[in-house]
Amino acid sequence: MIQAKDLKQGNKINYNGEVVTVIGTHKNKIFFDNDYFDSNILEYEPFKGIPLTEEILKNNFGFKKIYKIGNKKYFEHSEYRISFTVVDNCFVFDFGPATIGQRGYVHEVQNLFKELTQKDIEINL
């Protein structure tokens, strides 16, 4: 389940099994792809995050695999000093020498990129 406060304009999320783009949020409304969802609750049942995969990170976010040691896989972004390690399907992100933390959904990585680079990342799913 996603909370509205975690969504930003441009985020890709799952709405009833379909990938939609968030246009914005206002109070208890989520606006997406020429439609909106109105609710009086903070958690929106029909909305779910799109689970992160190595393929999405490589094909949509511009990461490339650097090396693998044991069960850890190391990836780096081609343009920014952002890297991540995959351990047992857990994505741990680093920015330079600092560990940022775990991310598990596409919208979380979109928001992370926006915070670190001040740029939106366009992805096609």
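## A surface patch, two salt bridges and the paired strands

Ile66, Tyr67 and Ile69 together make a nonpolar patch on the surface, with about 290 Å² of accessible area between them. The model described here is a predicted one, and the values below are computed from it. Tyr67, one of the patch residues, belongs to strand S8, which covers residues 63–69. Because its relative accessibility is 41%, between the limits of 20% and 50%, Tyr67 is classed as partly exposed.

### The chain as a whole

The chain contains two helices and twelve strands, and their order from the N terminus is β-β-β-β-β-β-β-α-β-β-β-β-β-α. Of its 125 residues, 39% are counted as buried, and the accessible surface amounts to about 7,600 Å², with 46% of that area belonging to carbon and sulfur atoms. Among the contacts with a separation of 6 or more, 39% are made by residues 24 or more positions apart.

### Strands S8, S9 and S10

Strand S8, which carries Tyr67, runs antiparallel to strand S9 (residues 72–77), and six bridges join the two. Within this pairing, Lys64 has Glu76 of S9 as its bridge partner. S8 and S9 form a hairpin with two residues between them, and Gly70 in the turn has a positive phi of about 60 degrees. S9 also pairs with strand S10 (residues 82–87), again in the antiparallel sense, over five bridges; here the bridge partner of Phe75 is Phe84 in S10.

### Strands S2, S3 and S7

Strand S2 (residues 12–15) is joined to strand S3 (residues 18–26) by four bridges, the two strands running antiparallel, and Ile13 stands opposite Val20 of S3. The hairpin of S2 and S3 has two residues between the strands, and in it Asn16 adopts a positive phi near 50 degrees. S2 pairs as well with strand S7 (residues 47–48), in the antiparallel sense and over two bridges, with Phe47 in S7 as the bridge partner of Tyr15.

### Helix H2 and the residues around it

Helix H2, residues 106–117, has twelve residues and spans 16 Å from its first C-alpha to its last, close to the 16 Å expected at 1.5 Å a residue. The buried residues in H2 are Val106, His107, Val109, Gln110, Asn111, Leu112, Phe113 and Thr117, and the helix is followed by Gln118, whose phi is positive, near 65 degrees.

Which residues does Asn111 touch, leaving aside those up to four places away in sequence? They are Asp6, Lys8 and Asn11. Asn111, which is placed in H2, counts as buried because its relative accessible area of 10% is under 20%.

Lys12 connects strand S2, where it is found, with H2: Lys12 and His107 are 95 residues apart in sequence, yet 5.8 Å apart in space, C-alpha to C-alpha. Beyond residues up to four places away in sequence, Lys12 touches Val19, Val20, Thr21, Ile50, Val106, His107, Gln110, Ile123 and Leu125. With a relative accessibility of 14%, which is under 20%, Lys12 therefore counts as buried.

### The two salt bridges

A search of the whole structure finds two salt bridges, set out below with the distance between nitrogen and oxygen.

| Salt bridge | N to O distance |
|---|---|
| Lys73 and Glu54 | 2.9 Å |
| Lys114 and Asp120 | 3.4 Å |

In the salt bridge between Lys73 and Glu54, the closest N and O atoms are 2.9 Å apart. This pair links distant parts of the chain, since Lys73 lies in strand S9 and Glu54 in helix H1 (residues 54–61), 19 residues apart. Are these two residues buried or partly exposed? Lys73 is partly exposed because its relative accessibility is 22%, between 20% and 50%, whereas Glu54 is buried because its relative accessible area is 14%, under the limit of 20%.

In the other salt bridge, the side chains of Lys114 and Asp120 meet at 3.4 Å, N to O. Lys114 has a relative accessible area of 34% and is therefore partly exposed, while Asp120, at 53% relative accessibility, is over the 50% limit and so counts as exposed.

Definitions and conventions
Residues are numbered from 1 along each chain as its sequence is written. This is a predicted model: local features need pLDDT of at least 70, side-chain atom pairs count only at pLDDT 80 or more; totals for chains, interfaces and linings use all residues. Side-chain values use heavy atoms; hydrogens and water are left out. The expected span of a helix is 1.5 Å times one less than its number of residues. Buried means under 20% relative accessible area, exposed over 50%, partly exposed in between (1.4 Å probe, protein chains only). Contact means heavy atoms within 4.5 Å. Patches are made of residues with over 30% relative accessible area and no salt bridge: like charges are joined within 9 Å, nonpolar side chains (Val, Leu, Ile, Met, Phe, Trp, Tyr) within 5 Å. Accessible areas come from the Shrake-Rupley method with a 1.4 Å probe; for residues, only the protein chains shown count as cover. A salt bridge is a side-chain nitrogen of Lys or Arg within 4 Å of a carboxyl oxygen of Asp or Glu. Two strands pair if DSSP finds at least two bridges between them.
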